[in-house]
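Hi,

Here is the structure I promised to pass on. Have a look at it first, and my notes follow below.

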Amino acid sequence: MAESTKKLKKPDVKIVLLGDMNVGKTSLLHRYTERKFKDTVSTVGGAFFLKQWGPYNISIWDTAGREQFHGLGSMYCRGAAAVILTYDTTSWQSYVELEDRFLSLTDTANADCIFAIVGNKADLTDSHAQASNPEGEGQEEAEPARLSLSSSSLQRKQVNREDAIALYGRVLHYKGLDEKACLPAESMCFETSAKTGYNVDVLFETMFDLVVPSILKKRNEGENSTVDLEAPSTGKRTKAGCCA
Ligand SMILES: Nc1nc2c(ncn2[C@@H]2O[C@H](COP(=O)(O)OP(=O)(O)OP(=O)(O)O)[C@@H](O)[C@H]2O)c(=O)[nH]1
Ligand SMILES: [Mg+2]
């Protein structure tokens with residue numbers, strides 16, 4: 001969270017991580033921001049990280065998956081430009097929960113909110129994700145990842161990519177969006193590993209690029225709704241525009 005505490009910058013846009021407890025939301029954010037996989041404690045409430053992306057400030061909200069914090073979810077989603085729906089590839093239940101418990105929390109997000117479906121812990125089911133250690137970072141983390149390469153440590157994958165793609169379609173349907181007008185499922189469903197770093201940068205940086213138009217739109221609307229007090233009045237004053 002160092003970047004967020006250095007200076008108090010106003011975020012231009014918000015991205016929210018949602019999903020059941022234990023799927024690895026906090027670990028994904030740690031991996032991206034601190035370049036390592038470290039011990040976590042179950043999140044209480046929520047926390048955010050501020051990312052500078054070019055000239056823009058993007059806040060990424062890590063929410064608590066625990067049932068007792070469920071009520072806070074829609075508050076965190078208010079005005080969100082993007083939501084990352086996260087499940088654990090080794091847990092079918094965590095996938096089911098996304099639709100049962102979390103999707104309705106996004107009702108408060110922007111109407112043109114972008115969705116990504118993310119299956120984390122790919123290292124547990126996929127030898128490629130197990131071996132991956134992008135950019136040679138976190139060397140202290142590389143060794144445990146390499147040691148766990150034996151195929152005996154692979155677990156049964158409970159949620160496949162096709163399931164994620166199907167869920168993406170149902171999310172768009174729930175939001176009343178036309179699939180043809182939206183970003184394609186193939187590019188919005190990711191399998192990641194916070195442990196090895198597999199696909200983590202790709203996930204976050206794809207989302208950052210995708211929310212930029214939303215920032216520009218917001219700025220544009222802001223400018224258009226600003227009253228220029230210096231500008232000469234052209235029309236007649238209407239009754240509604242007069243405060244007397
Ligand atoms: N093998 C593996 N374990 C992971 C991965 N991501 C997270 N974990 C582990 O899963 C557990 C839960 O991770 P968290 O990041 O705390 O999960 P969370 O989704 O933030 O959970 P809540 O804060 O309770 O909602 C921890 O023991 C992590 O070490 C991953 O990619 N691979
Ligand atoms: Mg957490």
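A term you'll need: a polar contact is a pair of N or O atoms within 3.5 Å; within protein, one must be able to donate a hydrogen and the other to accept it, and residues adjacent in sequence count only if both atoms are side-chain atoms. One such pair joins an oxygen atom of ligand 1 to a polar backbone atom of Thr43, at 2.7 Å. Thr40 brings a polar side-chain atom to 2.6 Å from an oxygen atom of ligand 1, while for Asn120 a polar side-chain atom is 3.1 Å from a nitrogen atom of the ligand. Taken alone, ligand 1 exposes 660 Å², and the protein buries 86% of that (accessible areas by the Shrake-Rupley method with a 1.4 Å probe; for residues, only the protein chains shown count as cover).

Before going on, a word on the source: this is a predicted model, where local features need pLDDT of at least 70 and side-chain atom pairs count only at pLDDT 80 or more, while totals for chains, interfaces and linings use all residues. Residues are numbered from 1 along each chain as its sequence is written, chains are lettered from A and ligands numbered from 1 in the order in which they are written, and side-chain values use heavy atoms, with hydrogens and water left out.

What surrounds the ligand? There are 21 residues around ligand 1 (a heavy atom within 4 Å), and Lys25, Ser27, Thr40, Ser42 and Asp123 come nearest. Helix H2, residues 25-34, gives the largest share of that shell, three residues (helices are DSSP runs of H or I, at least four residues, numbered from the N terminus).

Cheers

How values were computed:
Helices (H or I, at least four residues) and strands (E, at least two) are DSSP runs, numbered from the N terminus.
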